[in-house]
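Here are some exercises to work through with the structure open beside you. Try each task before reading its solution.

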Amino acid sequence: MIEATNLTKRYGPVLAVDDLSFRVASGQVTGFLGPNGSGKSTTMRMVLGLDAPTSGHATVAGRRYQDLRFPLRQVGALLDANAGHPGRTARNHLRWLADSNVIPRDRVDQVLEIVGLTDVSDRRTGTFSLGMRQRLGIAATMLGDPEVLIFDEPVNGLDPEGIIWVRQLLRSLADEGRTILVSSHLMSEMALTADHLIVIGRGRLLSTGSVADFVERSSSHHVRALTPDAVRLARLLRDHGALVTEIGPEELSIEDFACRDVGALAAGAGLTLYELSPQDSLEDAFMEATHEQADFRATVHTLETTAP
Amino acid sequence: MTEAIHPRTTAVASDPHRTAVFRATVRSEWTKLGTVRSTYWTLAFTVVAILGLGILFTALEVGRWDQRTPQEIAEFNPLIYSLAGMNLAQISIGVLGVLMMTSEYSTGTITSTLAATPQRSLLLTAKVTAFAVVVVVVSIVSTMAAFLIGQVILGPDHGGLSITDPGVLRGVLGGATFLLFIGVIGLGVGAAVRRTTGAVAILFAVLLVIPGLVLLLPSPWDERVGQILPSAAGEAMAAPQQIPQLLSPTIGVLVLAAWALVAFGAGGLALARRDV
């Protein structure tokens, strides 16, 4: 289990992490979600004792990370796949890590096998693609067969096959009862990977709960309807208390009404429907939750031409 | 804010397994050192410099022997000539010490290192230990070899010494110890500064630039300050007996040890206090 209590990190005037408290439970994949620059990496670094919190604290398996003896046997973490000496071979990189925590060297070959790098294990990591480095980083997290695994954006740079592989790996690790914390700025990825979400924006906790709860709570439910009888359907729905927006001549957006209710009403009135679909995507929910918090939102500038 | 929920436990300091962690960390640092090419390059440079310059300088001396005045011959110090390569070797060993820390930062390895060994002062001590063992072996073997080859070249006719002559063994070992301390200074500066260029610049300034600047000081300060600089202290250590204008070999060791301790302390403080 990972627990953060009132974690705060201040860099001069900037609050990178602001009074953040959460728990990461075992046996499930917990997604740590937030836009770029929202404080995910800083939080993970504080959990690992790399950066000292300005105030608050974090524990892993009930202890501060600095107080763990041979921590790789309890916690595996992948923060930056590009970290590591480019002149060292993959096998040697894992060897020094294994030595540092008295992990048998046989384990190095095992984890290389698990991540599929056996054939390139004697190549210098400087020659590796980002995807191969991610795999090596994942191999390193598993060296000590730890109960807690932390991954910062592990699918970055992986090909679609690799992404599916990571997803399945995280799932199987969680099914073995381990604690998995995985960060991402991609809601769609988390929807496929995580069971539980911790959503942050500008260093603050925005939401925590199951993926389904998150969507339930933070998105407004829209139903999109395509119909040649848009005007009549809109009137019918409004008569039943729905909030309807006419998007186009044949397209309606209906709020707080389920697809089945819209369909039933349309059928009752003999109206044709081409399409009826729920619009509560995770991405929408995420955008909505973090909208105010995004640090680097694109702004539209209007350029005015000034006459000389 | 209740900051004291998890006070830094003294349990870690008195942990009986701390030695196990230390031993594992030293072993890990050896693996790190042995698996990058820069280690082999800097050590090869060190050996070649010590042997090569030792051979060159003693051979030149033999060639010029006939032109020497009796006074020059009386003052001739064969040990210094056979260990002439230490002036170059201090650079490569110092740089190896620097790289042991700064390459951690430049490659991002430090994140994995501290995740594996979060006890930071223990980590730095283990790094110095692993480094020291390698440097001591390489420098003792190469200074001893340079001395022995040098004396063969000089021979009894040109002032050649025996290792059993008074102060000679201590001088040879002093030369090796000098290299070790310079390496530790490099490692400490590397830990404090974190960037290779900055740390190497500081090291070169202390070893090469400041000795020249000190000569410009008014007497007697040029001598007083000059003799406590690391290179001068090292020269004192590598001499069979005290050289005029230099410290005694014993004081030389202590002065150089103090330099190493200051650099190590600064590095330890930076590592312990600063975020990665």
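**Exercise 1. Getting to know chain A**

Into which domains is chain A divided?

*Solution.* Keep in mind that this is a predicted model. Start at the beginning of chain A: domain 1 covers 2–217, and domain 2 covers 220–279. Next, put a number on their spacing: the centres of domain 1 of chain A and domain 2 of chain A, taken over C-alpha atoms, are 44 Å apart. Then look at what the chain is built from, and you'll count 10 helices and 13 strands in chain A. Chain A has 308 residues, and 43% of them count as buried. Finally, take the contacts in chain A between residues at least 6 apart in sequence: 69% of these join residues at least 24 apart.

**Exercise 2. Where the chains meet**

Find out how many residues of each chain take part in the contact between chain A and chain B.

*Solution.* On one side there are 36 residues of chain A, and they're in contact with 32 residues of chain B. Now stay with the chain A side: strand S4 (55–60) and helix H2 (90–100) each supply at least two residues to it. H2(A) gives the most, with 6 residues. Sort that side by class and you get 16 nonpolar, 12 polar and 8 charged residues.

**Exercise 3. A helix tucked away**

Work out why helix H6 of chain B counts as largely enclosed.

*Solution.* First, count: 7 of the 8 residues of H6(B), residues 109–116, are buried, so the helix is largely enclosed by the rest of the structure. Second, name them: the buried ones are Ile110(B), Thr111(B), Ser112(B), Thr113(B), Leu114(B), Ala115(B) and Ala116(B). Third, ask what does the covering. From chain A, the cover includes strand S5 (75–78), H2 and helix H4 (130–142), and from chain B it includes helix H5 (86–107) and helix H7 (120–154).

**Exercise 4. One residue up close**

Is Ile93(B) buried or exposed?

*Solution.* Find Ile93(B) in helix H5 of chain B. The cut-off for being buried is 20 or more other C-beta atoms within 10 Å. Ile93(B) has 30 other C-beta atoms within 10 Å, so it is buried. Leaving aside neighbours within four places in sequence, Ile93(B) is in contact with Thr46(B), Val135(B), Leu179(B), Ile182(B) and Gly183(B).

**Exercise 5. Nonpolar cores**

Which residues touch the most other members of the largest nonpolar core?

*Solution.* This core has 72 residues, and the ones to pick out are Val47(A), Leu94(A), Ala139(A), Leu143(A) and Ile150(A). H4(A) provides the largest share of the core, 6 residues. Now zoom in on Ala139(A): beyond its neighbours within four places in sequence, its contacts are Leu94(A), Val111(A), Leu112(A), Ile114(A), Val115(A) and Leu117(A). Apart from this core lies another, of 67 residues, including Ala84(B), Phe178(B), Leu179(B) and Ala239(B).

**Exercise 6. Two crossing helices**

At roughly what angle do the axes of H11(B) and H12(B) cross?

*Solution.* Locate helix H11 (residues 230–237) and helix H12 (residues 249–273) of chain B; their axes come within 8 Å and cross at roughly 145°. The crossing of H11(B) and H12(B) is left-handed. For the residues that meet, look at Ala233(B) and Met237(B), among others in H11(B), and at Val253(B) and Trp259(B), among others in H12(B). By class, the residues of this contact are 9 nonpolar, 2 polar and no charged.

How values were computed
Residues numbered from 1 in each chain as written. Chains lettered and ligands numbered in written order. Predicted model: local features only at pLDDT ≥ 70, side-chain atom pairs only at ≥ 80, totals over all residues. Contact = placed C-beta atoms within 7 Å. Helix = DSSP H or I, 4+ residues; strand = E, 2+ residues; numbered from the N terminus. Nonpolar A, V, L, I, M, F, W, Y, C, P; charged D, E, K, R; others polar. Domains from an automatic or database assignment. Buried ≥ 20, exposed ≤ 12 C-beta atoms within 10 Å, placed from the backbone. Core = buried A, V, L, I, M, F, W, Y, C linked by C-beta atoms within 7 Å. Axes fitted to C-alpha atoms, helices over the stretch in contact; angles between N-to-C directions. Left-handed = near helix turned anticlockwise from the far one by under 90°.
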